[in-house]
Amino acid sequence: MTWRIDRRTFLRGAAGPLVPLPFLNLMEQTASGATAAAPPTRFVTLFKPNGVHPPSWNISGGSEFDFRTSPLMKPFAHHKSDLLFLDNMGDFGFSSHANSTRRFLSGHHRNTKSASVDQLIANRIAGDTAHRSLELTTEGLFPNQIGCSYISYGTDGAPIPRESDPQLVFDRLFRSPLRDPVRRSEMTSLLDRVGDDARSLSRKAGAEDRRTLDQYLSVVRETEKRLQNLQSKNSTIPKVAENIERPTTPTNLNEQVESMLDLIALALWTDSTRCITYMLGNSNSRMVFDFLGITEQHHYLSHFFRNFSRSNLDSLLKISLWHMEKFDSLLNRLKSYRDQHGSLLEHCLVLFGSGMGHSDNHTATRIPLVLAGQANGRLKTGRYVRYAKNQQLSRLHLSLLELFDVPMESFAETSKPLPGLSDSDFQPYREIPFASWVRHESDTITVQGRLRLSDDLDEARVFYVDVENTKSIRIEVAFRDFHNFNLAYHCGTPIKLVGTGTKQGDDYLITKISDLTPLHGNKPGSAPG
Amino acid sequence: MVERSYRPTGHTLKISDRVVIVRLSLLVIGFAAAEGAFAQNTADIASDPNITFESDIRPLLDRYCVRCHGEKDEIQGEINLRLVKTEGEIDAAFGLWQSALELIEDGIMPPADEPQPTAIERDRIRRWYQSRFIDDIAPHPGFFRPRRLSAHEYRNTLESVLGLELDVLIREAEQTVTEKSLVMKLLPTDPPGPSGFKNDTSANPLTSTTWEQYTYLVDNGLQRLFAAPHRETLESYLGPLDGELTRDQAEQLIRLIAFRARRRSVSDQQLQASLRKIKNAATDDLMPVLQSELKAVLMSPTFLYRGLLMNVPRDRISPVDDFELAERLSYFLWADMPDAELLGLAEKQELQKPDTLHQQVDRMLESPKARSLAIHLGVEWLTLDEIEHVSNNPPVADALRIQPIDFLHYLFTTNRPIVELIDSDVAFINAHTAKYYPLDRSQLPKYKRPTGIEVERLPNTKIVLRKTPERGGLLTMPGILAMNKGPIMRGTWVLERILGQDLPEPPADVGQIPANRRGENLTFRQRFEMHRKNPNCAACHDKIDPLGFALQQYDAGGGFRRSPKNASKKQKLRASQADQQPPNDGEFDTSGRLPNGETFQNFAELQAILVTSEKQRILRNVVQRFLCYALCRKLEPADRITVDAIVQKVSQGDGTFGTLIHAIVESLPFRQTIWQSIEERP
């Protein structure tokens with residue numbers, strides 16, 4: 001019998017029915033006496049390149065249990081009860097692509113001598129699985145800033161090579177001659193055949209320079225010996241793997257990623273590995289999403305302030321939505337794969353997100369981060385956790401290490417784990433009351449109020465300061481001011497802003513900024529992140 | 001299975017600013033023997049067969065050489081003359097004797113402050129060399145040895161056998177580096193062999209790791225062959241397919257793949273084991289049996305090695321058979337197996353006919369596959385892979401690297417004169433390299449970056465250099481100038497790669513060039529010349545430095561500095577990185593004097609010398625590199641006769657690459673062989 005996963009069905013996502021997969025009782029196959037033990041907890045990371053358009057991503061308002069998901073979250077919003085939305089993560093005013101990528105799983109960009117958190121967790125949870133971990137991606141290396149290409153780092157802090165081809169991953173997982181008895185016996189008969197060939201050539205009159213053939217034969221013998229040694233050991237691939245069909249050759253990026261997501265779920269389901277990281281692209285990806293009808297490079301589009309046009313922004317959002325759909329695809333699969341303990345998702349912790357928030361300004365605050373799955377009851381989902389203050393990513397990593405029982409005093413310069421993952425014991429974001437007003441003297445406008453980025457997609461370069469009982473003050477400045485005063489960093493917080501502009505009727509317009517002061521003293525660090 | 005991890009420095013050439021004496025890279029060592037070989041035509045020297053090594057030469061070595069080259073713990077230049085003992089070792093070291101003779105002739109060794117051999121003694125050495133390595137050498141094609149396909153030959157051959165490409169699924173976003181070939185990704189990187197080329201796999205034996213990768217690649221290839229996207233390919237071999245293959249079609253496929261994989265005709269008799277298995281297979285089992293039989297064909301030594309099935313008489317020199325000739329041709333010109341036309345001619349035994357052979361070579365040079373000459377022979381000979389490290393921006397590095405490759409491809413395949421390597425008015429440029437050709441860039445079609453594209457790789461356009469006298473030929477290509485930073489590296493590269501001279505390793509204790517002291521205002525060249533007065537240094541630097549300093553007007557990035565006085569900040573920084581600060585009067589000192597006494601004022605004058613009085617040396621080097629590559633082995637004493645004859649041929653008239661390639665194909669070592677067991681060889 002062959003279980004073929006119907007890709008079209010998956011592509012329909014939440015709307016379509018899922019092919020139920022056969023119930024897989026892995027524990028019955030394990031000869032060891034540990035069957036009674038709880039199922040292993042798995043750790044999966046899905047990385048989204050190039051940040052987001054914040055107004056489309058951020059959750060506005062709401063509380064831990066009462067909140068509305070944002071427009072970009074729509075593709076996976078139906079999993080809300082299995083998700084934990086983290087907000088106010090990250091605390092750098094500006095960040096390079098490479099640094100933000102290193103921080104994604106390593107806590108801090110200076111943490112370059114230690115393994116990333118996924119690897120530390122893999123060491124702990126791998127047990128006797130065939131693959132300690134899998135590191136996957138979609139595109140090639142970016143040598144200009146090599147850090148853009150990696151999120152997983154080994155014990156010495158060196159990047160771990162990634163694999164991009166679903167068929168190769170499949171072969172590695174399910175067709176390894178070293179672990180598969182069927183493949184082993186095929187290999188043995190092959191060795192017999194070619195060994196005969198070589199010996200007959202070697203005997204043939206005139207076939208001189210036996211050294212070459214002897215070399216060949218000695219490799220054949222060596223391989224025979226290794227196979228014999230393996231024969232005596234038990235296979236570690238579950239029998240079910242024999243019936244899984246090899247993915248067909250994908251014709252576009254979407255099919256490639258869907259195939260890989262299939263394999264991620266299958267690898268976890270068959271307990272071939274318990275830790276996987278997957279990059280949907282390098283952090284500054286210049287992929288062209290032609291299959292979405294987009295001809296511009298993703299990185300170009302992500303700088304939506306500098307390269308603004310409505311159609312560019314629409315293209316950027318289309319790409320971001322596609323990323324969100326892939327997260328949804330992954331969750332759908334993890335929910336549909338079940339064993340005697342329940343669905344895979346219940347035993348997983350999935351980390352989804354990007355390295356930066358505002359993709360034009362590279363602001364590393366309010367970084368998109370969502371956790372999914374129950375991690376065997378250790379993660380409390382269905383919540384929106386917005387911390388009172390901007391949090392270093394390393395705190396999240398330390399909590400994840402704790403959650404996976406990896407004893408670490410500190411990680412990446414942090415010794416305080418992030419609260420609020422498994423309970424509600426955290427300090428939530430609270431409004432501190434402040435007065436809002438606007439003053440106008442000749443061409444100078446001074447305003448105090450909450451800064452926000454326009455959510456009107458036709459004016460994605462425009463900011464507003466909301467003032468009580470007045471029409472919001474419109475800020476339309478050149479890139480220089482946007483960047484120098486780091487408007488993206490202060491979005492959502494109360495500020496006092498001085499600038500030049502005009503007033504016509506009730507409409508204030510600021511076109512040049514001369515000063516910006518955050519009311520609660522939050523300032524972006526001056527050190528580049 | 002996984003991508004090779006990125007090594008930012010790895011085998012990169014990292015040259016600190018002030019390292020004085022450098023070697024291009026360890027790769028060069030492989031050339032040592034071949035490079036020194038026949039660097040000088042000594043045909044007019046009298047020989048004397050009565051001189052023997054033990055009674056006449058050894059005492060001279062003991063007196064003048066071994067104190068530095070063999071006696072102390074520290075062996076100078078890594079040359080230990082004490083190690084040469086048996087007659088076989090003396091013969092094997094022929095390259096060493098060649099270099100030694102040259103150094104003695106040039107008066108470079110022994111160093112001036114050491115005792116010097118007398119004129120009679122020098123003459124004795126010369127005569128001994130002449131008789132032992134020239135006069136006593138009879139024409140000999142070299143002993144035959146089966147050779148394993150190199151990784152890129154394996155890739156090309158496997159893809160040609162199956163008729164499909166084996167690539168990896170990886171997105172090629174702009175500015176990323178990808179390895180698209182599954183074969184190249186999985187197989188270990190080939191080291192250059194003793195000949196200096198990767199196709200010389202004689203020192204690179206099969207290992208069990210490589211074996212396992214081969215099995216995986218064959219599985220992968222067969223899986224693709226039978227998968228839906230390649231249905232058409234399969235049908236072109238077997239006719240219309242109605243679902244599964246029939247037994248007849250399975251047999252047909254075995255015959256076809258075996259013919260291609262063995263690169264020669266194969267009878268049913270030879271395939272009987274496979275055919276019997278197909279015949280006896282149960283219908284359900286046909287496909288698995290077919291696949292495992294095909295796998296056996298593609299894992300057999302007859303596929304992985306070249307020459308095992310060659311059919312020639314033993315123990316005497318004889319022409320290679322037709323199929324072997326077809327293979328020699330196709331691996332030389334295409335780095336791939338022979339195509340149907342070559343195999344067809346071999347089968348009819350027509351390939352050896354001179355006219356046919358000549359036409360075939362011309363046909364092969366016109367094929368796009370002939371680009372392999374530039375990509376493998378050219379890149380490995382001229383170390384062009386080093387250009388990759390010149391820029392972190394792949395489209396730019398790519399543009400700089402593709403430039404010499406396109407240029408070489410043009411020279412090699414359109415019958416251009418060999419000296420155009422040094423002096424040519426043709427260049428290949430794209431928008432990334434156009435800035436180096438400011439007055440001729442108008443020949444490049446205007447490039448407008450498409451909206452939304454930040455950077456992209458671009459193809460080259462061939463232009464004629466009319467107003468760019470500072471460019472033309474390999475030596476002034478920006479990528480080559482930039483990969484060899486500083487005058488010493490540049491000089492070494494020209495000497496080794498273009499003039500074919502082998503240099504010994506610099507001593508380990510060379511030290512660094514001191515910076516200017518307070519109040520001093522000397523150029524790097526002036527300080528360097530003070531530092532290298534030591535006669536031990538002069539031995540090599542007299543040759544290296546004039547070549548390198550002649551290129552001082554090109555900055556570390558390969559840019560040409562017209563007016564050093566008005567240099568921009570960036571240019572000044574680059575200049576200081578390349579140890580090229582101009583002297584006080586703002587003029588670059590690009591003058592020099594070659595060891596043969598010729599002098600020049602600037603690079604243009606040096607270029608003129610290179611294509612006239614140094615032409616023979618350059619031709620000899622090119623001939624030797626091509627011959628090494630074509631034969632996939634390092635050259636031996638007997639090859640001197642072939643090299644001399646080909647050098648002679650290309651010295652006349654235009655001396656084109658076409659003439660060179662035809663001459664190699666017609667040469668004795670290419671066309672003949674002797675098959676003899678090692679134990680029975682003299």
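This is a short talk on a predicted model with chains A and B, going from chain A to the interface and then to a few single residues.

Okay, let's start with chain A. It has 529 residues, and 60% of them count as buried. On the secondary structure side, you get 14 helices and 15 strands in chain A. The exposed surface of chain A comes to about 20,800 Å², with 48% of that supplied by carbon and sulfur atoms. And if you take the contacts in chain A with a separation of 6 or more, 73% are between residues 24 or more positions apart.

Here's one example of that from chain A. Gly51(A) sits in the loop between strand 1, residues 42–47, and helix 3, residues 54–57. What does Gly51(A) touch, once you leave aside its neighbours within four places in sequence? The list is Ser354(A), Met356(A), Gly357(A) and Ser359(A). Take Ser359(A): from Gly51(A) it is 308 residues away in sequence, yet the two C-alphas are 4.6 Å apart. Gly51(A) has 2% relative accessibility, so it counts as buried.

Now the interface. On the chain B side, 60 residues are in contact with 57 residues of chain A. People often give the size of an interface as the accessible area lost when the parts come together. For chain B and chain A that area is about 5,300 Å², and carbon and sulfur atoms give 57% of it.

For the polar side of things, the rule finds 22 residue pairs in polar contact across this interface, both partners at pLDDT 80 or more. Which helices of chain B supply at least two residues each to the side that touches chain A? They are helix 8 (182–186), helix 9 (208–225), helix 12 (272–280), helix 13 (286–299) and helix 14 (301–304). Helix 9 gives the most, with 8 residues. By type, the residues on that side of chain B split into 28 nonpolar, 17 polar and 15 charged.

Then the charges. Between chain B and chain A the count is 5 salt bridges, and over all chains the structure holds 57. One that crosses the interface pairs Glu163(A) with Lys185(B), at 3.0 Å from N to O.

Let me stay with salt bridges, but go inside the chains. In chain A, the side chains of Asp271(A) and Arg274(A) meet at 2.7 Å, N to O. Buried or exposed, for Asp271(A)? Buried, because its relative accessibility is 16%. Arg274(A) is buried as well, with a relative accessible area of 12%.

In chain B, Asp336(B) forms a salt bridge with Lys369(B), and the closest N and O atoms are 3.2 Å apart. This pair links distant parts of the chain, 33 residues apart: Asp336(B) is in the loop between helix 15 and helix 16, Lys369(B) in the loop between helix 17 and helix 18. Asp336(B) counts as buried because its relative accessibility is 5%, while Lys369(B), at 33%, counts as partly exposed.

Further along chain B, Lys649(B) and Glu666(B) pair up too, with 3.9 Å between the closest N and O atoms. Lys649(B) is in helix 27 (639–651) and Glu666(B) in helix 28 (657–666), so the pair ties together parts 17 residues apart in sequence. Lys649(B) is partly exposed at 40%, and Glu666(B) is partly exposed at 42%. There's also a network: salt bridges that share partners join Arg183(A), Glu186(A), Asp219(B) and Lys295(B).

Last topic, backbone angles. Most residues other than glycine have a negative phi. Two residues here go the other way. Glu413(A) has a positive phi, near 70°, and is in the loop between helix 12 (393–403) and strand 10 (437–441) of chain A. Ala335(B) has a positive phi too, near 55°, in the loop between helix 15 (322–333) and helix 16 (340–347) of chain B. How do they sit relative to the surface? Glu413(A) counts as exposed because its relative accessibility is 61%. Ala335(B) is buried, with a relative accessible area of 0%.

One more for chain B before I stop: Thr356(B), in helix 17 (354–366). Thr356(B) counts as buried at 15% relative accessibility. Not counting residues up to four places away in sequence, Thr356(B) touches Leu345(B), Glu350(B) and Leu351(B).

Technical notes
Residues numbered from 1 in each chain as written. Chains lettered and ligands numbered in written order. Heavy atoms only, no water. Helix = DSSP H or I, 4+ residues; strand = E, 2+ residues; numbered from the N terminus. Buried < 20%, exposed > 50% of the residue type's maximum accessible area, 1.4 Å probe, protein only. Contact = heavy atoms within 4.5 Å. Areas by Shrake-Rupley, 256 points an atom, 1.4 Å probe, with all protein chains shown as cover. Buried area = accessible area lost by both parts, 1.4 Å probe. Salt bridge = Lys/Arg side-chain N within 4 Å of Asp/Glu carboxyl O. Polar contact = N/O pair within 3.5 Å; in protein donor to acceptor, adjacent residues only side chain to side chain. Nonpolar A, V, L, I, M, F, W, Y, C, P; charged D, E, K, R; others polar.
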